[in-house]
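The exercises that follow are meant to be worked through with the sequence and the structure side by side. Try each task before reading its solution.

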Amino acid sequence: MSKTILELNNITMQFGGVVAVDNLSLHVDEGEIVALIGPNGAGKTTAFNVVTSMYPPTNGQVLLNGKPIVSNHPHGKMKKMYAGCDRTAYPDVVTYTPDKITKMRVARTFQNIRLFKDMSVLDNVLIAKHMNIRAGVFSAMFRLNKKEESDMHESARALLSIVGLLPFQNEIAGSLPYGKQRYLEIARALATEPQLLLLDEPAAGMNPQETDELGEFIRRIRDAFRLTVFMIEHHMDLVMKISDRIYVIDFGKQISKGSPAQVQSDPAVIAAYLGEDEE
Amino acid sequence: MKKQTKRILNICIIALAIVFLYWLNANTSKQGMLVAILQKSAILAIAAVSMNLLNGFTGLFSLGQAGFMSIGAYVTSILVIPAENLNGIYYMTGVNQGLLNFRMAMANCPPWVQSFFPFLAILAGGLAAALFAALIGMPVLRLKSDYLAIATLGFSEIIRAVFSSPQMDSITNGSYGLKSVPNFPEMAGGLIPSLVTPFLIAAICILLMVLLINSSYGRAFKSIREDEIAAEAMGVNLLKHKELAFTASSFFTAVAGGLLAMYMRSIEAKTFSIALTYDILLIVVIGGIGSVSGSILSAFLVTAGKEWWLRFFDTPLYIGTWQAPLFRTGFRMVIFSILLMVVVLFYRRGLMGTNEFSWQGIMRFPQWFRRKFLKRKGAPPKGGDDT
């Protein structure tokens with residue numbers, strides 16, 4: 001049994017009266033590719049945003065390597081409005097800013113690509129490398145960290161060559177075609193040296209052939225960088241092909257989980273995607 | 001273009017600039033206006049580049065420049081006004097005893113130590129502003145876009161109000177302002193005359209800012225400008241880097257303020273009203289938000305345009321015996337405003353956009369000029385449906 005990297009316990013995210021994620025619990029083990037799927041508006045991206053601390057959940061806890069990185073319970077005005085359960089289970093409040101979460105080696109990509117559009121492709125990757133810079137402002141200013149800087153450039157270029165963007169390193173990121181921008185975003189996430197990679201719809205807007213290539217690519221980087229991958233995806237072919245386990249959520253609630261074959265034949269999943277028969 | 005050619009061209013232009021400055025120094029009496037304009041543009045260039053560091057490169061729309069300039073100007077002035085003049089300047093309320101003692105102690109230092117004091121005073125002004133910026137940055141930098149502008153604007157006005165308040169009379173001389181600030185100091189025992197000093201300091205300050213912008217930290221600044229959420233997700237500590245940019249920018253703004261005090265020879269709190277911030281903002285916008293060389297260029301163009309080249313609009317103009325209408329005091333500003341509008345209309349992103357000065361750019365200029373203005377008529381119409 002391999003080690004659990006990421007664990008979500010009873011995550012509930014409530015915006016006012018809307019429960020976007022309802023009592024979601026899941027775990028991702030080391031080296032796995034786990035997919036989170038569900039119809040539009042099911043709360044998948046919200047769950048990602050909770051994991052990366054973009055906003056605190058209303059209730060619940062996220063553990064990374066067994067250590068809480070996010071923990072909250074309903075307080076303030078949510079005390080009255082909270083509609084979920086387990087309201088006293090997580091008395092501690094743990095929050096970090098997203099950059100701290102990234103420093104704990106959790107990297108992510110975004111559903112609507114968020115590159116630094118007016119900067120060069122290489123700079124985009126270099127920014128992710130900045131996180132681990134040892135030189136202070138002054139030594140960086142006076143270029144006393146030449147070695148470090150050239151190391152940063154070198155590893156950024158190495159990453160670009162892995163995603164096949166090295167020939168484009170000096171181009172403006174925003175001018176790349178859509179598919180390449182997706183790869184650049186993954187390269188940028190890899191530059192933070194993650195143990196856990198969160199991919200938010202990496203295949204959105206890709207054609208079937210590109211999607212196939214992406215699936216291969218995800219597997220390849222998982223092996224090459226010893227990653228654990230947790231992804232949101234709509235392309236069922238891709239999900240069924242590469243994921244080890246799948247969680248299905250609908251209206252914030254988990255409705256199914258298991259291997260691709262199990263999920264595919266689960267009547268609850270079919271109902272959520274195709275609509276239920278009226279009896 | 002080869003690297004070597006570029007280096008030679010760079011050395012040539014720097015040598016030319018140095019020769020020109022020493023020539024100016026030898027002909028000060030004839031070229032008074034040119035000297036004044038160039039010095040003021042050098043000072044404003046520091047302020048503009050430091051504002052660009054914040055607005056153009058880090059994407060923080062701050063309007064606190066005048067406040068930080070006033071900190072620099074006041075701290076510098078208080079430290080450089082000759083000690084024997086102090087009692088005369090603070091004739092209304094008297095000088096703060098501690099300040100007077102400190103200045104007396106400074107006056108008793110050996111002369112070679114004293115020759116450093118003006119520079120230390122400018123540095124002290126910068127550091128004071130940087131400290132203040134670091135303090136107000138903590139709450140203020142959590143705000144975004146327009147709210148940040150309003151908050152920094154507010155702080156800048158607070159600083160001005162504090163400096164002119166009666167309670168500060170014995171230190172800042174309240175609303176009377178400070179007079180007899182000495183001129184720019186000489187360096188290296190007269191080798192670098194006082195006329196050249198502001199240019200040298202401006203060059204050093206701008207060089208430091210360019211180095212910062214091109215370092216890894218500068219890349220992080222730009223990432224914040226591009227997309228805060230993505231920057232944070234890539235491990236850029238937003239508050240730390242915003243604070244860094246804010247503090248650095250305030251430091252250099254205050255250095256510009258200190259130099260401005262030496263340039264004007266007397267300061268009062270009114271000088272540092274919001275209008276000064278807008279002047280600097282104007283320079284930044286005209287030069288191109290996100291372009292250092294644009295800011296430097298437009299600092300000169302705006303200053304010269306406003307105070308020199310358009311002067312003749314202010315004096316009555318006679319053609320023969322016929323007096324041209326409208327030529328009277330203040331008309332210059334009308335023309336200046338129209339010119340600004342023209343520039344903004346034709347160069348939406350400023351004169352330089354986000355580009356920097358480069359020799360290749362200069363070499364390409366004739367080509368660009370031909371394409372833009374001469375070949376347009378002959379060019380065949382472009383087909384639109386080949387996409």
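## Exercise 1: A pair within chain A

A:Lys241 and A:Asp212 form a salt bridge in which the closest N and O atoms are 3.5 Å apart, a salt bridge being a side-chain nitrogen of Lys or Arg within 4 Å of a carboxyl oxygen of Asp or Glu. This is a predicted model, in which local features need pLDDT of at least 70 and side-chain atom pairs count only at pLDDT 80 or more, while totals for chains, interfaces and linings use all residues. Residues are numbered from 1 along each chain as its sequence is written, chains are lettered from A and ligands numbered from 1 in the order in which they are written, and side-chain values use heavy atoms, with hydrogens and water left out.

Task: which parts of the chain does this pair link?

Solution. The pair links distant parts of the chain, with A:Lys241 in helix α9 (residues 236–242) of chain A and A:Asp212 in helix α8 (residues 208–225) of chain A, 29 residues apart. Helices (H or I, at least four residues) and strands (E, at least two) are DSSP runs, numbered from the N terminus. As the next step, look at the accessibility of each partner: A:Lys241 is partly exposed, with a relative accessible area of 41%, and A:Asp212 is likewise partly exposed at 41%. Here buried means under 20% relative accessible area, exposed over 50%, and partly exposed in between (1.4 Å probe, protein chains only).

## Exercise 2: Two further salt bridges

Task: where do A:Glu193 and A:Lys129 lie in chain A, and is A:Lys129 buried or exposed?

Solution. Begin with the distance, for the closest N and O atoms of the salt bridge between A:Glu193 and A:Lys129 are 3.2 Å apart. The pair links distant parts of the chain, since A:Glu193 is in the loop between α7 (178–191) and β7 (196–200) of chain A, whereas A:Lys129 is in helix α4 (residues 121–130) of chain A, 64 residues apart. Then turn to accessibility: A:Glu193 counts as partly exposed at 43%, while A:Lys129, at 11%, counts as buried.

Task: why does the pair of B:Arg219 and A:Glu149 join two chains?

Solution. The two side chains meet in a salt bridge, with 3.2 Å from N to O. B:Arg219 belongs to helix α11 (residues 216–226) of chain B and A:Glu149 to helix α6 (residues 146–162) of chain A, so the pair joins two chains. Both B:Arg219 and A:Glu149 are buried.

Task: how many salt bridges does the structure hold over all chains?

Solution. The structure holds 17 salt bridges over all chains. A network of salt bridges links A:Arg222, A:Asp223 and A:Asp244.

## Exercise 3: Positive phi angles

Task: where in chain A do A:Asn10 and A:Arg226 lie?

Solution. For A:Asn10, phi is near 50 degrees, a positive value in a residue other than glycine. A:Asn10 lies in strand β1 (residues 4–15) of chain A, and with a relative accessible area of 17% A:Asn10 is buried. For A:Arg226, phi is also near 50 degrees, again a positive value in a residue other than glycine. A:Arg226 has its place in the loop between α8 and β8 (228–232) of chain A, and at 73% relative accessibility A:Arg226 counts as exposed.

## Exercise 4: The chains as wholes

Task: how many helices and strands are there in chain A, and how many in chain B?

Solution. Chain A has 11 helices and 10 strands. The radius of gyration of chain A is 20 Å, close to the 19 Å that the globule rule gives for 279 residues, so chain A is as compact as a globular protein of that length. The radius is taken over C-alpha atoms, and the globule rule is 2.2 Å times the number of residues to the power 0.38. Chain B, in turn, comes to 17 helices and two strands, and its radius of gyration of 23 Å agrees with the value near 21 Å that a compact globule of 387 residues would have.

Task: what share of the residues counts as buried in chain A and in chain B?

Solution. In chain A, 54% of the 279 residues count as buried, and in chain B, 47% of the 387 residues do.
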